[in-house]
Amino acid sequence: MKILVVGTGYVGLVSGTCFSEMGNTVTCVDIDQDKINNLKKGIVPIYEPGLESLVLKNIENSNLNFSTNLSDVLNKAEIIFIAVGTPMGEDGSADLKYVLEVAKSIGENINKRLIVVNKSTVPIGTADKVKEVIQNELDKREVSFPFDVVSNPEFLKEGAAINDFMKPDRVIIGTDCDFAIDKLKQLYAPFCMSHERFITMDVRSAEMTKYAANTMLATKISFMNEIANICEKVGADANQVRIGIGSDSRIGYSFIYPGCGYGGSCFPKDVRALIKIAEDNHYKAPLINSVEEVNNVQKLVIAKKVVAKFGEDLTGKIFAIWGLAFKPGTDDMREAPAFYIIKELIKRGAKIQAYDPKAIKEARDFYLKGVKEISYVNSKYKALENADALLLLTEWKEFRSPDFEEIKSLLKTPVIFDGRNQYTMLRLNEKGFDYYQIGK
Ligand SMILES: NC(=O)c1ccc[n+]([C@@H]2O[C@H](COP(=O)([O-])OP(=O)(O)OC[C@H]3O[C@@H](n4cnc5c(N)ncnc54)[C@H](O)[C@@H]3O)[C@@H](O)[C@H]2O)c1
């Protein structure tokens, strides 16, 4: 099939590449000229395991192409996916300006039947807006072409995006158009070989499904963090409680690790957007508001533990940070707890020595650009030299079994603040460390 994917971020590039891997002819479009120039040369702008080799392979066999010019390529496609960003607007709602810009371009250039599929996470009713914008442009041009607007929310996880896309738990298609359902069923069939994972529903329910899924996961995280905070007060161990409750199959083990809060490009903005959607519809959504509130406080729990140990004024203190990305397997630092913790420590006079396997460039060039109090090193042990304590903020695999003797010899004082509860089972206190974790 001939496919167009607009927006070559995490979702667009992974989706386009995976469609091309199944033999479709895909063109990925972006307004970012540098990004497209690089992609044409096989330079992938994000870190996502397995992505680069698939991109190179499919450029080579001409299944994967790149363009900045939607009007040039639009009418060669049967299906167009909109996968542009929907960042948080000032009032917390999802900002639809990029989605509607793409819709306008489609309306200005379409000259045959097209299935328009919205993959971006968008508020309920957006498909109707996209339809209206395209129709307005067709009316201005005084032409008429049939087109369908379908919702196909994406559930991939950064860090495991290729695997998630290739073997999805489910493919949600929101539309009442049988022609579009048939086409998308054909397109997704190679991804759903072993099970029937194709679920069709009305377009509004499909849009809502994405927000409900992300908010459910965020709720589990905030719930467990709240339990961890209570555990600390009453002398219980949140990790043992986690194992105790996770063994109940109705609860399960996933998304109940106590930690320093959820971050990333999706949960914070999608929880906020759902709160706004509820408010706009005269519903207060008290539970979902609390999920966000708990998370905002949780992001700073580790910084508070540092202050409790070293005092309010951290002038002259140096902290080693292991992990900047919001989770392992990605270079994405959007809403990462590390960002908030580093800012808080620097505000109190501290200096930071940071190491992350993939996110240093993101931090240095963008999120912490120009911040003089932070230096970056290329090995986890280097970050420890002369530091007063180690803060572990992202659970990368290479941090799982470090050499604790080496850590002790490099730190000025053997103090570890574990924001991810990675060493909970290791009895570090008995090994001579001052070991602080969440929920104990
Ligand atoms: N990142 C994730 O893990 C994830 C998972 C599921 C769903 N989503 C959703 O998917 C959407 C995209 O997320 P992302 O993380 O891939 O975003 P991103 O910010 O990484 O990428 C968006 C891309 O769209 C491009 N763009 C903006 N306007 C454009 C236009 N008019 N024409 C062409 N390109 C344009 C930008 O240049 C950028 O490259 C969002 O709605 C997000 O909520 C993201």
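**Exercise 1.** Helix α5 passes helix α6 in a right-handed crossing, that is, with the near helix turned clockwise from the far one by less than a right angle. Describe how α5 and α6 pack.

*Solution.* A word on the model before we start: it is predicted, local features need pLDDT of at least 70, side-chain atom pairs count only at pLDDT 80 or more, and totals for chains, interfaces and linings use all residues. Residues are numbered from 1 along each chain as its sequence is written, and side-chain values use heavy atoms, with hydrogens and water left out.

Step 1: take α5 as residues 97–109 and α6 as residues 126–141; their axes are 8 Å apart, at an angle of about 35°.

Step 2: look for contacts (heavy atoms within 4.5 Å). Among the residues that meet are V99, L100 and A103 in α5 and V130, V133 and I134 in α6.

Step 3: sort the contact of α5 with α6 by class, which gives eight nonpolar, three polar and five charged residues.

**Exercise 2.** Work out how α1 and α3 are arranged.

*Solution.* Step 1: helix α1 (residues 10–21) and helix α3 (residues 51–60) have axes 10 Å apart, at an angle of about 50°. α1 is therefore oblique to α3 (neither under 35 degrees, nor over 145, nor 65 to 115).

Step 2: the crossing of α1 past α3 is left-handed. α1 brings L13, V14, T17, S20 and E21 to the contact, while α3 brings L51, L54, V55, K57 and N58.

**Exercise 3.** Find the ligand's partners.

*Solution.* Step 1: 26 residues surround the ligand (a heavy atom within 4 Å), the closest being D30, K35, T86, E158 and K269.

Step 2: check N or O atoms against ligand oxygen atoms. The side chain of D30 has one at 2.6 Å, and that of T86 has one at 2.5 Å.

Definitions and conventions: Axes fitted to C-alpha atoms, helices over the stretch in contact; angles between N-to-C directions. Helix = DSSP H or I, 4+ residues; strand = E, 2+ residues; numbered from the N terminus. Polar contact = N/O pair within 3.5 Å; in protein donor to acceptor, adjacent residues only side chain to side chain. Nonpolar A, V, L, I, M, F, W, Y, C, P; charged D, E, K, R; others polar.
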